[in-house]
Amino acid sequence: QICSCDPWWEEERYTDGSKWRFLEHKGPVFAPPYEPLPDKVKFYYDGKPMKLSAPAEEVATFFAKMLDHEYTTKDIFRKNFFKDWRKEMTSEEKSKITDLNKCNFAEMNEYFKAQSEARKQMSKEEKQKIKEENERLLQEYGFCIMDNHKERIGNFRIEPPGLFRGRGDHPKMGMLKRRIRPEDIIINCSKDSKQPKPPPGTKWKEVRHDNKVTWLASWTENIQGSIKYIMLNPSSRIKGEKDWQKYETARRLKKCVDHIRTQYRDDWKSKEMRIRQRAVALYFIDKLALRAGNEKEEGETADTVGCCSLRVEHIKLYPKMDDQEYVVEFDFLGKDSIRYYNKIPVEKRVFKNLQLFLENKQPEDDLFDRLNTSILNKHLQELMDGLTAKVFRTYNASITLQQQLKELTCPDDSIPAKILSYNRANRAVAILCNHQRAPPKTFEKSMQNLQTKIDEKQNQLSAARKQLKAAKAEHKASHDDKSKKAVEVKRKAVHRIEEQLMKLQVQATDREENKQIALGTSKLNYLDPRISVAWCKKWGIPIEKIYNKTQREKFAWAIDMAEKDYEF
DNA sequence: TTTGCGACTTGACATGACCTAC
DNA sequence: GTAGGTCATGTCAAGTCGCAAA
């Protein structure tokens, strides 16, 4: 029997495909029931107040809460919302409320704004009380026992009902996400565990004991009909082990990537169209870190693509552009409808192949018509055990970080300067992976504030320098101990201010360069944490400067095991 | 071979907690 | 103490990929 105080990364792993032997938990926490609006808060139809039935009112509040959001101005959103809302109405309501444009939710909207304002204005004691209640819920429902460990659950609260917020041009935006009841929930736990109890008067849909999966509970959502899960926190053994394994697979790719590259370059010359397509697609995945690009059901989701699902309309070929030859311009919407735009020169063979793939095709035709992710991944599997398209993203991200850190870290730099270098290396990866963010709403202003600080510091510095100069002159004249001391004091002051100024300037540079780039995703999902840990150890950077508390918990295994000479 | 489903990872954004300058 | 800003944490949508059934 394994000692429960051992960290999981020093334990044996299961080799039979099972994920656990023992699993006990208390089940999910349900969304609080709907609280009807006070009578004074009115909904108006066609200018006249109208009392809604509770179910219709609840759905109306979902819309009312979003009035300030761009969503509610979109046609599809309004149409989908109205259709689903009407399903919740009584027949009288249905016959009366026939036009969303005649609905006035303003009072409801104001009410919710006032509520959230009131929440902010609550006294310390009230806030403390809420905090304690949350803590109690976390202690009771937020943990489970998996094998010998007490583990944190990632999402123990069931998603509350609301209006579906799809990203990009989603055909289903605005649809009603219905309330999940115990009768919708499948519980997964071990037979010999104390089973979670459903709320009084209710039943679970099913209780099963499947140790080939990692989830504790699941339900089917009503928008896409997909299954949602309650799973463990990233700090858990079950997630950590998998994460570690992912980086080990990427490291194995490192060993054979040269060979794979040689092969796909060779395949550009293949007699078979499908092989050429596969080889060009793989080149893009490798060079540009594109996602695989599964097919999607048309009309069910936003129209986005990845590598294999690229269409003719998404690329443009330029035999010559400025001083470069064979340039490919990519312009498409990727995951989450984030735009990918890139112009890159490619090798002549790739270019000629692309021209060939484009022949006699319409803009909406597939670029790689003889290829899909399943074909590609089957091929990759033959090249290396466990190799799939996404391993290239992991590999290229991690190797880029390692190489950039080597290149950018100056041994003599101060700690803040070294951290800037780290962030720059991280940024190179984020750019490679196209991890974007909307510039923070307060960006311009906070940048200005920082600049003001820098200016002030600069003034301080010149003042301090003047004082130092004066002190030196004084000392030269008097040669006494007192003036000597004064010089030292002033010198130290100048030095301190210089450092402060440097720190501010570094901060400004970092922030400016980071305006539209999101570092979090790559840090959390693509960069082998051992690279960062090793870098910290090598340069004496406290790990807290790189990883916050949550991240340190997730990467505890790496922090424990990576030494300063770790090589990805 | 195609399709759909299930399980899991990845992703941007919203929200809440906390910190700092006034 | 508070307003404003920043950072951590939570949310939940949207991908990837394997597998089994059609």
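# Close-up views of a predicted protein–DNA model

**View 1. Asp 336 and its neighbours at DNA strand C.** A backbone N or O atom of Asp 336 is placed 3.1 Å from a phosphate oxygen of DNA strand C, in a model that is predicted. Gly 293 also meets this strand through its backbone, with an N or O atom 2.7 Å from a phosphate oxygen of DNA strand C. Lys 296, in contrast, uses its side chain, where an N or O atom lies 2.8 Å from a phosphate oxygen of DNA strand C.

**View 2. The protein surface near DNA strand C.** Altogether 31 residues surround DNA strand C, and the closest of them are Arg 167, Lys 228, Gly 293, Thr 388 and Thr 550. Of the atoms of DNA strand C that come within 4 Å of the protein, 89% belong to sugar and phosphate. Helix H10, helix H12 (443–478) and helix H16 (549–554) each contribute at least two residues to the surface near this strand. Sorted by class, the surface near DNA strand C holds 15 charged, twelve polar and four nonpolar residues.

**View 3. The protein surface near DNA strand B.** Here 28 residues surround DNA strand B, with Lys 239, Lys 246, Lys 335, Arg 393 and Tyr 526 as the closest. Sugar and phosphate make up 87% of the atoms of DNA strand B that come within 4 Å of the protein. At least two residues of this surface come from each of strand E12 (227–230), helix H6 (237–267), helix H10 (389–408) and helix H14 (520–525), and H6 gives the most, with three residues. By class, the surface near DNA strand B consists of 13 charged, eight nonpolar and seven polar residues.

**View 4. Side chains that meet DNA strand B.** Which part of DNA strand B lies 2.6 Å from an N or O atom in the side chain of Lys 335? The partner of Lys 335 is a base oxygen of DNA strand B. For Lys 246, a polar side-chain atom lies 2.8 Å from a phosphate oxygen of DNA strand B, while for Thr 214 a polar side-chain atom is 2.9 Å from a phosphate oxygen of that strand.

**View 5. The ring pair of Trp 8 and Trp 9.** Chain A contains 29 aromatic pairs. The ring centres of Trp 8 and Trp 9 are 5.2 Å apart and the ring planes stand at 90 degrees, so this pair is edge-to-face. Trp 8 counts as buried because its relative accessibility is 8%, and Trp 9, at 18% relative accessibility, counts as buried too.

**View 6. The ring pair of Trp 268 and Tyr 283.** The rings of Trp 268 and Tyr 283 have centres 5.1 Å apart and planes at 85 degrees, and this pair is therefore edge-to-face. The pair joins distant parts of the chain, as Trp 268 sits in the loop between H6 and helix H7 (273–288) and Tyr 283 sits in helix H7, 15 residues apart. Trp 268 counts as buried at 3% relative accessibility, and Tyr 283 counts as buried at 6%. Ring pairs link both residues into a cluster with Tyr 264, Phe 284, Phe 330, Phe 332, Tyr 340, Phe 357 and Phe 368.

**View 7. Confidence along chain A.** The mean pLDDT of chain A is 91, and 99% of the residues score at least 70. Confidence is lowest in helix H13 (residues 481–513), with a mean of 78, and highest in strand E9 (residues 186–188), at 97. Where pLDDT is low, the predicted coordinates should not be read in detail.

Definitions and conventions: Residues are numbered from 1 along each chain as its sequence is written. Chains are lettered from A and ligands numbered from 1 in the order in which they are written. This is a predicted model: local features need pLDDT of at least 70, side-chain atom pairs count only at pLDDT 80 or more; totals for chains, interfaces and linings use all residues. Side-chain values use heavy atoms; hydrogens and water are left out. pLDDT is the predictor's confidence in each residue, from 0 to 100. Helices (H or I, at least four residues) and strands (E, at least two) are DSSP runs, numbered from the N terminus. A residue is near a molecule or strand if one of its heavy atoms lies within 4 Å of it. A polar contact is a pair of N or O atoms within 3.5 Å; within protein, one must be able to donate a hydrogen and the other to accept it, and residues adjacent in sequence count only if both atoms are side-chain atoms. Ala, Val, Leu, Ile, Met, Phe, Trp, Tyr, Cys and Pro count as nonpolar, Asp, Glu, Lys and Arg as charged, and the others, Gly among them, as polar. Rings of Phe, Tyr and Trp (its six-membered ring) pair if their centres lie within 6.5 Å; planes under 30 degrees apart count as stacked, over 60 as edge-to-face and the rest as tilted. Buried means under 20% relative accessible area, exposed over 50%, partly exposed in between (1.4 Å probe, protein chains only).
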